[in-house]
Each structure stands twice: as structure tokens, then as C-alpha cells.
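Hi,

Here is the structure I promised to pass on to you. Please have it open while you read, and my notes follow below.

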Amino acid sequence: MKRTHTCGELTLKNVQTKVVLEGWVAKNRRMGGIIFLDLRDWEGITQIVVEPKHPQYEMINSIRNEFVIRVEGVVVERKNKNSELKTGEIEISVTTVTILSKAQTTPLIINDVTDALEDVRMKYRYLDLRRPVMQQKIMLRNHLINIIRQFLQEQKFIDIETPILNKSTPEGARDFLVPSRQSLHNFYALPQSPQLFKQLLMLAGFDKYFQIAKCFRDEDLRSDRQPEFTQLDLEMSFVEREDIFVLVEALFKVLMAEVMNVKIKTPFMQMNYDDVIEKYGTDKPDMRYDLQLFDATTIFAQTTFSIFANALQNNLSLKGIFIPHLVTKKQVEELTRIAQQNKAKGLAWVKQENNVWEGSIAKFISDAEKTALLKISNNQTGTFFFVSDEKSVTCQALGAVRVELAKMFALIPPNEYHFLWIVNWPLYEWSDETNRYEAAHHPFTAPTTEYLNNFEQNLATARANAYDLVLNGYEIGGGSIRIHQSEIQQKMFQSLQLSAKEIESKFGWFLNAFNYGVPPHGGIAFGLDRLAMILTNSDSIRDVIAFPKNASGSDPMTEAPSSVDSKQLDELGIKLK
């Protein structure tokens with residue numbers, strides 16, 4: 001007989017009903033001779049009761065955790081109810097128990113809280129995924145994607161798949177390459193995004209496109225990054241930036257209500273890139289708390305502190321941040337370590353309480369400087385931190401200090417979601433590695449109107465019609481209005497110092513399409529893994545991906561990547577060094 005119910009749906013309404021349940025044994029315990037089994041499936045846990053006089057008593061008593069069993073019995077009301085379970089008001093009085101499969105002792109505890117290190121969890125991922133907390137995260141991700149599909153199809157978007165095997169155009173992160181057996185010594189590249197294909201779909205006349213796309217980037221990993229990831233890809237014709245913002249904000253309003261039962265305010269806040277860097281030291285600030293950076297150049301214009309004086313003399317940046325808390329020596333050491341991790345040479349600090357000043361630069365601060373600092377702090381007791389260096393280093397270091405201060409002093413309110421659009425990005429960024437300017441986003445991003453006719457002559461200052469959406473300190477999406485004029489696209493490639501031969505070799509197939517009428521268009525892409533990580537309050541993106549890679553890009557379960565035999569390499573014309 002097949003199961004009649006799951007382990008998470010029976011209530012008092014089902015009392016005296018004959019049922020069949022199937023699942024994994026989460027716990028087997030005896031109290032006063034009575035056996036209590038917790039039977040678990042993906043919807044919950046139901047308690048099973050076996051009296052000592054039951055004919056299968058000895059067999060049932062031998063059942064161990066993670067055995068898969070079938071239980072036939074009758075629903076009865078529990079005497080001692082458990083309000084923490086959906087099924088906590090009932091239990092099953094057993095008629096028959098059948099063992100469907102046995103289990104060895106598991107290498108990790110199958111519970112919300114487990115004792116296993118991450119490598120063990122990854123090696124036995126199928127067991128880790130049995131944990132209710134993990135299943136809830138994967139199911140939330142599923143719900144998230146279902147709501148997205150429903151919303152976009154109601155908005156008349158078309159779901160179109162784009163190729164996985166494609167041409168390598170190494171202008172961003174490293175490509176994953178796939179050798180071709182039928183075209184020896186040639187390679188496909190796995191897509192870093194469907195960028196060019198979705199633009200071609202606009203040219204083909206599909207007004208609104210979306211895709212839940214698998215993408216691949218061969219880059220260094222971290223807690224919110226994987227070599228293969230899933231993104232929501234959107235593209236629209238005949239739109240301007242604000243049209244995209246309106247659509248995205250409506251989507252997230254529905255998502256947050258349906259998935260998180262949270263109402264959010266729209267329109268979202270917008271800030272210019274330059275202002276965000278100046279105030280928060282990062283292009284993805286967490287707006288759930290304030291803690292803004294301030295310019296300390298004027299305050300210390302006459303300073304006797306040699307490090308600050310030398311920095312100002314060399315036109316370097318000097319910025320500070322204030323927190324209305326007194327820090328300990330240990331906290332200063334940790335904050336200094338974080339500043340140095342972010343390229344700063346050090347972290348100057350001073351704290352003030354009842355007009356008593358202490359800290360690494362306290363003896364150098366004049367009365368006038370103290371007065372200016374007290375004005376910054378509104379005369380509050382607290383601590384100031386300073387960095388003086390190149391502007392990019394100063395902002396990055398203090399931005400990282402800001403994040404750590406918020407953690408140290410519990411400034412982040414729980415269960416709040418603050419969205420922020422960042423606009424007017426640089427069109428180019430300088431690369432020390434290649435010693436030239438490169439596209440800050442990608443070379444298909446349109447310049448803003450004021451730079452449309454001269455962007456190639458103003459690489460250091462040109463602005464892009466690009467935008468990122470930030471949520472709680474994470475970039476969850478980015479996009480732009482695209483270039484739709486052939487001559488502008490050619491200028492963009494030339495400004496990146498690509499020769500005519502390189503342009504034709506890498507992008508000729510794409511540029512050829514510009515000869516046949518390209519509509520103005522734009523789009524955006526969202527990292528669904530990262531979004532699910534934020535909404536489930538997970539520490540790592542790996543917790544919301546069923547079978548992720550570890551921090552070194554490997555899979556301890558399958559042992560991928562792995563070597564292949566010489567026959568496979570010979571067929572591909574590949575010889576290993």
C-alpha cells in the first residue's frame with residue numbers, strides 16, 4: 001500500500017483515520033517500555049508510537065536512525081502535545097511497520113544543527129540535504145524561481161534558452177574552455193552570461209526576454225561566489241533606465257511579499273556611484289545602518305601628525321569614520337588588521353569620553369581639531385578611525401572597517417531589507433595588470449548622454465548608463481542600457497585598444513547584426529544563488545545550491561575536477577605538459 005499522507009500534514013482533523021506514512025527515522029527512543037519513532041520526510045516529522053505488546057516490538061526496537069520505513073496505523077491525539085511541530089497534536093498508533101531499506105551510522109548528524117565540518121558536509125552532500133534546515137532553503141529557492149517565472153510571464157516576457165557552448169571572448173573573467181573533438185585544436189567557452197545572445201534576441205524582434213540561466217566563470221571563489229551559478233537574465237527593447245527600474249521594483253515587491261511575507265517600499269533609493277564610494281567606501285553598502293565616512297582633509301589641514309601631514313602634502317585622501325562606542329584594545333587590533341587586509345598601511349584612531357582623548361593619535365590632536373571632531377560626532381562619546389592614502393585605498397579600507405564595526409556593535413537590525421540602486425558608474429576602470437583602461441562592466445554598455453559623443457577621449461571620467469541593485473550589503477544584480485549604434489560600438493572596441501583584426505575575430509559575428517536595424521534596448525541580471533543566500537540568512541552561497549563546489553572549486557563528493565584517460569585526450573588532440 002502506498003503512503004496516504006506526508007509526515008507534515010496530519011492534524012486533529014485526521015484523528016481515527018487509517019494512514020500509511022513513509023520516510024526516514026529521525027529518532028528511536030524508549031520511555032517506560034513504549035517506543036517512540038520520529039518519522040521524517042521533506043514536509044515534516046510525525047511521531048510514531050509502538051506499545052510493548054505489539055507483535056513487531058523487537059524488530060521495531062532494532063530500527064536505527066535513517067532507516068527508511070513504511071508505517072501503517074491510526075491517527076490518535078497526543079497526550080503531551082508539541083507546539084514546535086506542525087503535527088505536534090497527533091501521533092500514529094502502529095499497526096504494521098515495514099523496513100524499506102537499512103542505513104549505516106551516518107558521518108554527520110541529520111538535524112538542523114550538525115557537528116560536521118564543511119568538507120564532510122560536502123562529501124556526503126546527499127545526507128546534508130536531508131537536514132530540514134537545508135531542505136527549507138532549497139524549497140525557498142524553488143518558490144523564489146516559481147514566483148519570478150509567474151510574474152515575468154504575466155508581464156509578457158518570453159523564456160528563451162541561449163547556447164551553453166559558445167565562442168570565447170576573454171574580456172572579463174576567465175572562461176571555462178571545452179575542447180572540440182570534431183574541430184581539433186579549437187575550443188568552445190562556457191557562457192559567463194548570455195549577454196550577446198540576449199542582445200541579438202532584441203534585434204530579432206523579441207521585445208521582452210528572460211531566462212533562468214546557468215553561467216560559468218573561472219575566478220577565485222569566496223562565500224558568495226561559485227564557478228557555476230544561476231542568474232535571472234532580463235532584456236527589453238525600446239526602454240530607458242527608469243522603465244527597467246519600475247519593472248524590477250514591481251518584481252521584488254511581489255517576491256518579498258510572496259516568499260518572505262514582507263512589504264517593501266518602492267521606488268528604491270538611488271545614489272550616484274561617486275557619492276556611494278565617498279560616503280560608504282564601497283559600491284555595495286549595507287543601508288540597514290548609517291555610519292558614513294567623512295572627509296577629514298580640512299579638519300587636519302594644519303596637523304602636526306606627520307603621517308597625515310605628508311599625505312595632505314602629496315594630495316592623498318584623508319577620511320574618517322565615527323562610531324558612538326568606546327573600543328577596546330583587542331577591537332582596535334582587529335579593525336587594524338581588516339584595514340591592512342584592504343591595502344591600508346595602518347589605522348589611526350582616537351576615542352573621546354567627557355573630553356578626555358585617548359588613542360594612537362591623541363597627543364597630536366589640537367584643540368581646534370578636537371572641536372571639529374566633536375562637531376562631527378554631535379558631542380557624543382565614541383571613537384574615530386582614520387586612513388590616509390590613495391583615495392581608492394582610503395575608501396576601501398574604511399568601508400571594510402565600517403562593516404566590521406556594524407558587526408562588533410550589533411548595529412544591523414534583523415529581518416530588514418534595504419534596496420539601493422547605484423547609478424552613473426564609470427564607463428572604464430584602470431587595470432594595473434594590463435596597464436590600460438578596461439570596460440568597467442562590459443564593452444556593450446552605453447555611455448551616458450553627456451559622454452555619448454566623446455567617451456573615447458575621456459576614459460578617466462566617462463560615465464556609463466549602468467546600474468547595480470544592492471540589498472543588505474550585497475550586489476544582487478547589475479545591468480545597463482546597451483549600445484545599439486554600430487559606430488558607437490566600434491568606437492568602444494577601439495577605445496579598449498582592440499585592433500581591427502581582434503574586433504573582427506572576437507565580435508565580427510555580433511557586429512554584423514548591427515547592419516540590420518537594432519532597437520534601443522537594455523537589461524539586467526540577478527544572481528539567484530546570492531539572493532537566496534540573503535533571504536535564507538545563510539552564511540555561504542553553498543547552503544542554497546544543492547550540489548556546490550567547495551572553496552577551491554572542487555566537489556569532494558564526486559572528486560571533480562579529475563584526470564581523464566589518455567584515449568580521451570588523444571581524441572581531442574590534447575597533450576598534457
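**The second largest pocket**

The second largest pocket has a volume of about 880 Å³. It is lined by 34 residues, and those closest to its centre are A26, R40, I45, N111 and P132. Before I go further, please keep in mind that this is a predicted model.

Which elements supply the lining of this pocket? The strands β1 (18-31), β2 (34-41) and β3 (44-50), together with α4, each supply at least two residues of the lining of the second largest pocket. Helix α4 gives the most, with 4 residues. By class, the lining of the second largest pocket has 13 charged, 11 polar and 10 nonpolar residues.

**Helix α4 and its partners**

Helix α4 turns up again in the helix packing, so to speak, with two partners to look at: α6 and α14.

Let me begin with α6. Helix α4 covers residues 132-154 and helix α6 covers residues 241-260; their axes come within 10 Å and cross at roughly 140°. An angle over 145 degrees would count as roughly antiparallel, and α4 and α6 are therefore oblique to each other. Their crossing is right-handed. On the α4 side, the contact is made by L140, H143, L144, I147, I148 and F151. On the α6 side, L247, A250, L251, V254, L255, E258, V259 and M260 take part. The residues of this contact of α4 with α6 divide into 12 nonpolar, 1 polar and 1 charged.

Now for α14, which spans residues 528-535. How do α4 and α14 pack, and at what angle? The angle is about 120°, with the axes of α4 and α14 10 Å apart. Roughly perpendicular runs from 65 to 115 degrees, so α4 and α14 are oblique to each other. The crossing of α4 and α14 is right-handed. In this contact, L140, R141, L144, I145 and I148 of α4 meet L528, D529, L531, A532 and L535 of α14. The contact of α4 with α14 has 8 nonpolar, no polar and 2 charged residues.

If you compare the residue lists, you will find L140, L144 and I148 of α4 in the contact with α6 and also in the contact with α14.

**Helices α9 and α11**

Another helix pair you may like to view is α9 (residues 329-341) with α11 (residues 391-408), which pack at an angle of about 145° with their axes 8 Å apart. Here too the crossing is right-handed. From α9, the residues Q331, E334, L335, I338 and A339 meet A397, A400, V401, E404, L405 and M408 of α11. By class, the contact of α9 with α11 holds 8 nonpolar, 1 polar and 2 charged residues.

**The cavity**

How many cavities of 30 Å³ or more does the structure hold? There is 1. About 40 Å³ of space lies in the largest cavity. Its lining is made up of Q199, L200, L203, F510, F514, V518 and H521. Helix α5 (residues 195-203) gives the most to this lining, with 3 residues. The lining of the largest cavity has 5 nonpolar and 2 polar residues, and no charged ones.

**Backbone details**

A few places in the backbone deserve a look while you have the model open.

- The peptide bond from T266 to P267 is cis, with omega near 0°. P267 sits in the loop between α6 and β11 (269-272).
- The peptide bond from A560 to P561 is also cis, again with omega near 0°. P561 is placed in the loop between α14 and α15 (566-572).
- K343 is not a glycine, yet K343 has a positive phi of about 80°. You can find K343 in the loop between α9 and β14 (348-353).

Some of these loops connect to helices described above: the loop with P267 lies between α6 and β11, the loop with P561 between α14 and α15, and the loop with K343 between α9 and β14.

That is the set of notes from my side. Happy viewing, and write back whenever you like.

Best wishes

How values were computed. Residues are numbered from 1 along each chain as its sequence is written. This is a predicted model: local features need pLDDT of at least 70, side-chain atom pairs count only at pLDDT 80 or more; totals for chains, interfaces and linings use all residues. Side-chain values use heavy atoms; hydrogens and water are left out. Axes are lines fitted to C-alpha atoms, for helices over the stretch in contact, and angles run from 0 to 180 degrees between N-to-C directions. Angles under 35 degrees count as roughly parallel, over 145 as roughly antiparallel, 65 to 115 as roughly perpendicular and the rest as oblique. A crossing is left-handed if the near helix is turned anticlockwise from the far one by less than a right angle, and right-handed if clockwise. Contact means heavy atoms within 4.5 Å. Ala, Val, Leu, Ile, Met, Phe, Trp, Tyr, Cys and Pro count as nonpolar, Asp, Glu, Lys and Arg as charged, and the others, Gly among them, as polar. On a 1 Å grid over the protein atoms alone, a cavity is a set of points where a 1.4 Å probe fits but cannot get out, and a pocket is an open set with protein on both sides within 12 Å along at least five of seven lines; lining residues have an atom within 4 Å of a point. Grid points are joined across faces, edges and corners, and a volume is the space filled by probe spheres set on the points.
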